[in-house]
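Good morning, and thank you for coming. I should like to take you through two topics today, helix packing and internal cavities.

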Amino acid sequence: SLYQPQSDTRTLHDRQPGIFRSSSMASAMSATIQMAVSRATVSTKRNNHMRKSMPALAARDTRSFGRSTVLSTKSQRCQTMSSDRQARLVVCADANCLCKIGTRGSPLAMAQAYLTRDLLEKTYPELAEEGALEIVIIKTTGDKVLNQPLADIGGKGLFTKEIDDALLDGRIDIAVHSMKDVPTYLPEGTVLPCNLPREDVRDAFISAKYKCVEDLPDNATVGSASLRRQAQLLAVNSTLQVVNFRGNVQSRIRKLSEGVVDATLLAYAGLRRLELTEHITKILSIEEMLPAVAQGAIGIACRTGDERQLGYLAGLNHEDTRIAVAAERAFLEALDGSCRTPIAGYAREVEGKMVFDGLVAKPDGSQCYKVHKDGAWEHDAAVAVCRQAGEELKEQAGEDFFAGLKVDNNWG
């Protein structure tokens, strides 16, 4: 098996060399994530200093957007973001800025933006200069509406639309996304040429009462906003009560500790990036819970034809991750998936070949169709195989299966 029991702390990097093969960035990822934590402490001190030194500015020109605050003058823009763990400040002199990095403001999104910034600084000396990089926080509709399921408010594109608009308007130069949030189509005028090395794709089971999914008693309450997770849970125990559970990772863990639900499932990748793995009860194998398409992958978009940013991103791209993500998204696109269609898919390299597993299910777990494919580990070949897998699964399930499920092709 590619996966080890919970006591094995190795990542996919250690167990599955194909994911991180021939990439110097892979070894730097753990270090850069931890650097972000220490740098955030420095940023907090800088924030306090600037608030003392610029009281007049703060008093006359402060605009609040939820958890983000923007202080602006004619020559500089200061952005701060507070979270449950830390406050961060990013300062950029517009005249010196070579790359503005757009991101959501959640702690996980910020961790991914800081990782991107640190990799850019390490790869390109000119970007390590003071003021060369700026992080711009953008609040999306998906961040604002937390009391409804994603499918009821328009799908996963809600986490990317405002960032795409900022990219096209020139307010940012690159956009950092969790790839599973990105729709299968990209807005005209944008490209997504870069994927960072993929994290562990598995899901984590978290509960203060139970050791694993099988231990959950009948009618136990599980918090999850994911229909993919819901369908696979209900296939194991149809009596489970799966309730909408949205918000950032920290807030979900807090709700769990308050007894709002008996258990929840979160992406292991996000918990690793936030250094919150101590909360994990069990890491689920892909046989227990097949991951979402592109889970654990970070994608970076820029404007079509922006040669400077395309050049920067070319130096960060991890080709094995790009192949896997493209293949999985081809499977998703072939199924014409929506936020009302539980879909899972995972492509990886095993002994030089591409191996893919996918499924589509009813939200209540009553029906589930699975597919397994293998082929060449090469971009176009992998995409073709996984697209064929999606077409075969769609035919196998039949039109009646999808009736009433589709909203739009806006699932990423």
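Let me begin with a convention: an angle under 35 degrees between axes counts as roughly parallel. Please also bear in mind that this is a predicted model.

I turn to the helix pair. Two packed helices are described by the angle between their axes and by the distance between those axes. Here, helix 13, residues 319-335, packs against helix 14, residues 379-397, at an angle of about 25°, and the axes lie 7 Å apart. Helix 13 and helix 14 are therefore roughly parallel to each other. Their crossing is right-handed.

Which residues make this contact? From helix 13 they are Arg322, Ile323, Ala326, Ala327, Ala330, Phe331, Glu333, Ala334 and Leu335. Helix 14 contributes His379, Ala382, Val383, Cys386, Arg387, Ala389, Gly390, Glu391, Leu393 and Lys394. By class, the residues of this contact comprise twelve nonpolar, five charged and two polar.

I come now to the cavities. How many of 30 Å³ or more does a search of the whole structure find? The search finds two. I shall describe the second largest, whose volume is about 70 Å³. Its lining consists of Thr160, Asp164, Leu167, His177, Val182, Pro183, Tyr185, Leu186, Pro187, Thr190, Leu192 and Ala301. Helix 8, residues 161-169, and strand 8, residues 190-195, each supply at least two residues of that lining. Eight of the lining residues are nonpolar, three are polar and one is charged.

That concludes my presentation, and I welcome your comments.

Conventions
Residues are numbered from 1 along each chain as its sequence is written. This is a predicted model: local features need pLDDT of at least 70, side-chain atom pairs count only at pLDDT 80 or more; totals for chains, interfaces and linings use all residues. Side-chain values use heavy atoms; hydrogens and water are left out. Axes are lines fitted to C-alpha atoms, for helices over the stretch in contact, and angles run from 0 to 180 degrees between N-to-C directions. Helices (H or I, at least four residues) and strands (E, at least two) are DSSP runs, numbered from the N terminus. Angles under 35 degrees count as roughly parallel, over 145 as roughly antiparallel, 65 to 115 as roughly perpendicular and the rest as oblique. A crossing is left-handed if the near helix is turned anticlockwise from the far one by less than a right angle, and right-handed if clockwise. Contact means heavy atoms within 4.5 Å. Ala, Val, Leu, Ile, Met, Phe, Trp, Tyr, Cys and Pro count as nonpolar, Asp, Glu, Lys and Arg as charged, and the others, Gly among them, as polar. On a 1 Å grid over the protein atoms alone, a cavity is a set of points where a 1.4 Å probe fits but cannot get out, and a pocket is an open set with protein on both sides within 12 Å along at least five of seven lines; lining residues have an atom within 4 Å of a point. Grid points are joined across faces, edges and corners, and a volume is the space filled by probe spheres set on the points.
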